[in-house]
Amino acid sequence: MSYSINSRSKMAAAPDEASVSVKTEPELLEDVKQESPGCNEHEETVACNGVSLKSPSTLAAVTSQAGSSEAPDRQTLLAVLQFLKKSNLKESADVLLRETGIVDGGDESPEQQSEQDGTEQTLLSRVTAGNSSLSSGGGAANSSGSSAGVPGKAPLTSGPQDQPDVSAVLSAYTQQGDPALYEEYYSSLKRFIESVLDCHRAELSQLFYPLFVHMYLELVYNQHENKAKSFFDKFHGDQECYYEDDLRILASLTKKEHMKGNETMLDFRTSKFVLRISRDSYQLLKRHLQERQNNQIWSIVQEHLYIDIFDGMPRSKQQIDAMVGSLSGEARREANKVKVFFGLLKEPEIEVPLDDEDEEGENEEGKPKKKKPKKDSIGSKSKKQDPNAPPQNRIPLPELKDSDKLDKIMIMKESAKRVRLGPELLPSICFYTFLNAYQGLTAVDITDDSSMIAGGYSDSTVRVWSLTPKKLRSVKSTADLNLIDKESDDVLERIMDERTASENKVLFGHSGPVYATSFSPDRNYLLSSSEDGTVRLWSLQTFTCLVAYKGHNYPVWDAQFSPYGYYFVSGGHDRVARLWATDHYQPLRIFAGHLADVISTRFHPNSNYVATGSTDRTVRLWDVLNGNCVRIFTGHKGPIHTLTFTPNGKFLASGSTDSRVLLWDIGHGLMVGELKGHTNTIYALKFSRDGEILASGSMDNTVCLWDAVKTFEDLETDDFTSATGHINLHENCQELLLGTYLTKSTPVIHLHFTRRNLLLAAGAYSPQ
Amino acid sequence: MGPLHIWMKMSQGLLCLWPKKLQGVLRQESTMFCSCSIGMTHTEDRRYVELCQDSVRLTAESVGLEITDEVAALLAEDVCYRLREITQFSAQSLRHSRRRRLTVEDFNRALRWSNVEPIYGHGSPDPVLFRSVRDGDCHCAEDREINLVDLALATSIPKGTAETAVRVHVSYLDSKGNLEPQGTVPAAVSMLTDDLLKYYQRVTRAVLGDDLHLMKVALQDLQTNSKIAALLPYFVYVVSGVKSVSHDLEQLSRLLQLVRSLLSNPYLYLGSYGCSLMQSVLYCVTEPLAASINPLNDHWTLRDYGAGLLSCIWTHRDLEGSLYTQVLQSLQKVLGDPVRPLCSHYGAVVGLHALGWKAVEQVLYPLLPTYWSGLQTVLDDHSMSNAQVKADGHKVYGAILVAVERLLKMKAKYCEKDAGPSPHDSYCTLPPAPTVSLLEMYNELYCFFGDSLAVRFGTGGTPLQPGTISRGQQEPKKESSVDGVRKMPQLTAHGEEEVTNSGRQPQRPPQISLAASSSSRPRGASQQGQRGQGVREAFQRSRLAPRGSPRFTFLIGGRQAGRGGNGRRFQSVFQLHTGPTATPSRYAQKLPMIGRMTKPGRRGSQAELSLYLPL
């Protein structure tokens, strides 16, 4: 297969040791991909038609997108079918159809089928749109690794603008109803919903927003502009306040021509809005609409909404409000049913050299008893296999080097001295202020051992500071390196050039604001992602750029290293998150499915999963192994700017512009907590090393500490809750707030717990 | 040509034409995008920018396009939509930059993403000012003209932006720390951590206590300690207690020394506390303190010290001169209030002096004519009951004299600079305007002070740091005038006993006639080849200057001189035009006989100390 060659060829500049240690990796991942039976066939069909999907990533996109909802192969087939139809290759399509035996609407309800069509069309539009840019990018990278495409220059709106399938999507609106009656339809439904029993009213009220949007868009599309305006003016006040951002975009859209370029509305059209309604309420609605012969609304419900019907008690208003708010409604229940291996991987057995001095030192202090059990607990944790953990070799991980083992030993030693935090013993907080950051500080990261801090700036620079008295030094030049005695014991010290020692280093290379920085766990590399569409890998030995990973082509909002190194994930304006390996210039996986920009990414502690937060107000969890979306969390009312996992991997915390932190149970796929207390966007979240305390940092110049133990303790995840997904949140999250700490008019944009549980916070001083 | 295409072409012009509107929208949108919880309270028309078709047509004409109404209307609508779209993109850029304020940069970035050329020329972090154009309902950005010459020759060179750095600023130990909101003076001291509380108590006790050595150590530590930021409000609070100890000069001066220590501590950020400190100091300088009732108390020194502090405060790095006008106004108020006692006026004068010669020119000089009459009456009253007040009056007189002397000197220096590096040559070509006003000022001041001003007025070849020159040279030329009796500095240089009112009048005409021939002056000066001659004539009635000598050197300082060399010597080499219209002053008749009045005794020595201000 053509793409396997591409992805296997290695970048010359890629770091050597990493590539050596994980060389089995690409094969394995590709094998997995080949398992899907339809794959070969696609290749052939597509190739014989003279159109080749050049990049492997497009296929990955296909699989991943499909996997998010249905069985991957089937979805892929449908996508290919659609593509063939579009290219007027009806015969091939028929052949394919016959061979695979897919009958339209066989075992599925028509509404589901049409939903799939919708998905395919978006998907295809993505694939075709992405294909051109990707192939040009790939080509450039192949030839010289120079500039791929023109990042940041392509117009945002041009992507889907002139594609036939978009107008096909929009043409679903051509059905003519009497525009004058729209208001009447809507208000009659409103009257009906207001008249039903209280228990049903809350559920049925969910219909208002999607119906409102679709009816408005229909009016606009059919060029009843004045009608559309009056319709909007009349009913926009009824919508929930958390849809205000979308309504604002909607209000500015008053012409048919505008709809073509507007991505938000395109998403609204192409993805079905998901509502979760109890069977009783649904029957009530159905009966009403059929009795009244309210065909306009009924057809919208059938075509553009996906109603997830469940048996049992209708949900309360609070329960609904907690879960809705995303661009596409709630997550379907079946989307969160896949098993997730959220346990931690077994730590490799490292023979800790018994350093007697340390032991004796402890003994002298007279606390030998305390020391022992602590050590045991750490030891047992790593020895016992977690039942929820993925198989050790589920995804290939780099082998440990000697230096990594030394580091592990250091971590274990440090963790023995760790402060046990709790509501009574809160961490000390130390705030690193970036002074004179006139360039605009946009991103901060601190190494795991808290020895270095990196800042990304709006002026395209990345600056690295040493937080210890040890200065930053580069390695000597090649000529000088030849002179040193390689056999000497202190060779690692000798290779460093003392003349370059300084407190901070500036890394130049990006051509746009740097939106994220991330240190590799071994502190040898630094990642930075920028508006210029690239992710760059910097060496912290030479303080030079090693690789520029091109592929996003649009601003890359976030990038983060895997906790085991080697892999990293990035997410950007192109609405996908990409998984990369440091020695591959093309992504290994593309996680596609978000309906808007991916603005935050985070690796699960076991490195098998990636969580992404998006402007579409959902959090998704992706499986690194097969690229599937395994969890969709809805409930945030604004873009999600930060994510963090608990150290045990069971829970996920997300912070958003809605000033709230939401906590999610990964295993059950449920929301388990809501932390309210901030007054502005939350940009930083971090759990303490043992997971007792959650620290959150916000634009409102405060750091808040939350009692994580208590939050997760009183969870009653009975079978009913996990089956229905209905949640009851604590009313008083103020009990969980342990403290609020003010900075000196400095927004908090990064938080970090040192290995001994000292909390470090960072931000740039910004006078009002 | 599709509408979008036209729009791209026109966007530049459009955006420039309605920046006011646009900015309003940007602000609105950004706030709306940043906060998600606000309700639908905005009225519909205020939420979005609306461009009328006339505007579009105008813009089109300005780029040379003729468009019909229909096209204009369509375009206007489309441009509105694009603007909104771009605003939404820029809000996204804002969020990712972790900022609160939407900048021009964000908007430009959104334009670039949309493949539209960005708008050049705006990039300041400060908000852009808009003003309306008088004819037409149009707003445009304030575009001040900057005089590059002034900028290039400015003496205050702005420092480059400091280096970006990471510093630990706020620390909460075990999550405990000073949670006091900034900018308020706390009610109780008990809210600090134990260590800080102890430090605070020790230091305040030491500063206000009896042990001089301890006090010095405490003040020294206050100047250098980097960890007392949390205590700043408490110290400010302590200092604000000046009002309660106005009877105790010793305590007052200690508090002022505390202020000086706080001011010189580089780790403290004064911020809003600067104002509070300034008010406390101002209280010491200008209020009629309880301590000043007793003439034995040397409250003058305190006022002088306070005045020095005032200048420290307004030039302090944290305050950036923001308090200057405030101080100036309060001093003006004090000086303009005839009801206040003379010691208050004295404080105001030394305060103005400390603020710099410009402050003196701005406030004291215009007030002088009115103030003079009041002072005159005090000084002319020879009754015994008035002795104390009169003594105070002399203090004020001396202070004013020192202030105006500095004013004249600085003014003269300014003129010299203005004249360029070769003053002789430039005389003939450009008689600079400030010279005239200087002369007028001198004339007017001379009417008040007479020769006492003239002899003190020395600049020219001497650099304006008298301390450096005066120390080494101890050769007073007019020792005869400096005898033990004359102790008031303003009197010391007065050697000629025969200076009288009547004696001055007839002497004026020849001098004026000499000065009036301004056109022939330069030639005459060059003919003579003696700068000194020409220069000396600027001092219209300074009969003290030895005729033949090119330089005039004298000493000020009664006892200082006697002690051996601590006096100041001034050299009166000063190039100056004598204006053609040296009108006889209307104050001429009022000239006091100050030169002859000598006040022997204790007070004189104090005065000399207190007036010994650096010029």
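## Sheet β8-β11 of chain A

In this predicted model, the strands β8-β9-β10-β11 of chain A form, in that order, an open sheet of four strands with antiparallel pairing. Its edges are β8 (514-519) and β11 (544-550) of chain A, each of which pairs on one side only. From one strand to the next the twist averages 20 degrees.

One of the pairings in this sheet can be followed by residue. Strand β10 (residues 534-539) of chain A is joined to β11(A) in the antiparallel sense over six bridges. Within this pairing, R536(A) has A548(A) of β11(A) standing opposite.

## Sheet β12-β15 of chain A

A further open sheet in chain A consists of four strands in the order β12-β13-β14-β15, and here too the pairing is antiparallel. The strands at the edges are β12 (556-561) and β15 (589-592) of chain A, each pairing on one side only. The twist in this sheet averages 20 degrees from one strand to the next.

The edge strand β12(A) pairs with strand β13 (residues 567-572) of chain A in the antiparallel sense, over five bridges. In register terms, A559(A) stands opposite S570(A) in β13(A).

## Helix α13 of chain A

Helix α13 of chain A covers residues 225-235, and A228(A), F231(A) and F232(A) in this helix are buried. Viewed down the axis of α13(A), the buried residues fall within an arc of 100 degrees, so they line one face of the helix. The other side of α13(A) carries N226(A), D233(A) and K234(A), which are exposed.

Against which elements do the buried residues of α13(A) pack? They pack against three helices of chain A: α10 (182-195), α12 (208-221) and α14 (244-252). The face with A228(A), F231(A) and F232(A) is thus described by burial and by these partners.

## Helix pair α13 and α15 of chain B

Two packed helices are described by the angle between their axes and the distance between the axes. For helix α13 (residues 299-314) of chain B and helix α15 (residues 342-355) of chain B, the axes come within 8 Å and cross at roughly 35 degrees. The crossing of α13(B) and α15(B) is right-handed.

Which residues make up the contact between α13(B) and α15(B)? From α13(B) come H299(B), W300(B), R303(B), D304(B), A307(B), G308(B), L310(B), S311(B) and W314(B). They meet C343(B), Y346(B), G347(B), V350(B), G351(B), H353(B), A354(B) and L355(B) in α15(B). By class, the residues of this contact of α13(B) with α15(B) divide into nine nonpolar, six polar and two charged.

## The chains as wholes

Chain A contains 26 helices and 29 strands. Of its 768 residues, 48% count as buried. Among contacts in chain A between residues at least 6 apart in sequence, 65% join residues at least 24 apart.

For chain B, the secondary structure comes to 28 helices and five strands. Buried residues account for 37% of the 615 residues in chain B. Of the contacts in chain B between residues at least 6 apart in sequence, 70% join residues at least 24 apart.

Conventions:
Residues numbered from 1 in each chain as written. Chains lettered and ligands numbered in written order. Predicted model: local features only at pLDDT ≥ 70, side-chain atom pairs only at ≥ 80, totals over all residues. Axes fitted to C-alpha atoms, helices over the stretch in contact; angles between N-to-C directions. Helix = DSSP H or I, 4+ residues; strand = E, 2+ residues; numbered from the N terminus. Left-handed = near helix turned anticlockwise from the far one by under 90°. Contact = placed C-beta atoms within 7 Å. Nonpolar A, V, L, I, M, F, W, Y, C, P; charged D, E, K, R; others polar. Pairing = 2+ DSSP bridges. Buried ≥ 20, exposed ≤ 12 C-beta atoms within 10 Å, placed from the backbone. Arc of directions from axis to C-beta.
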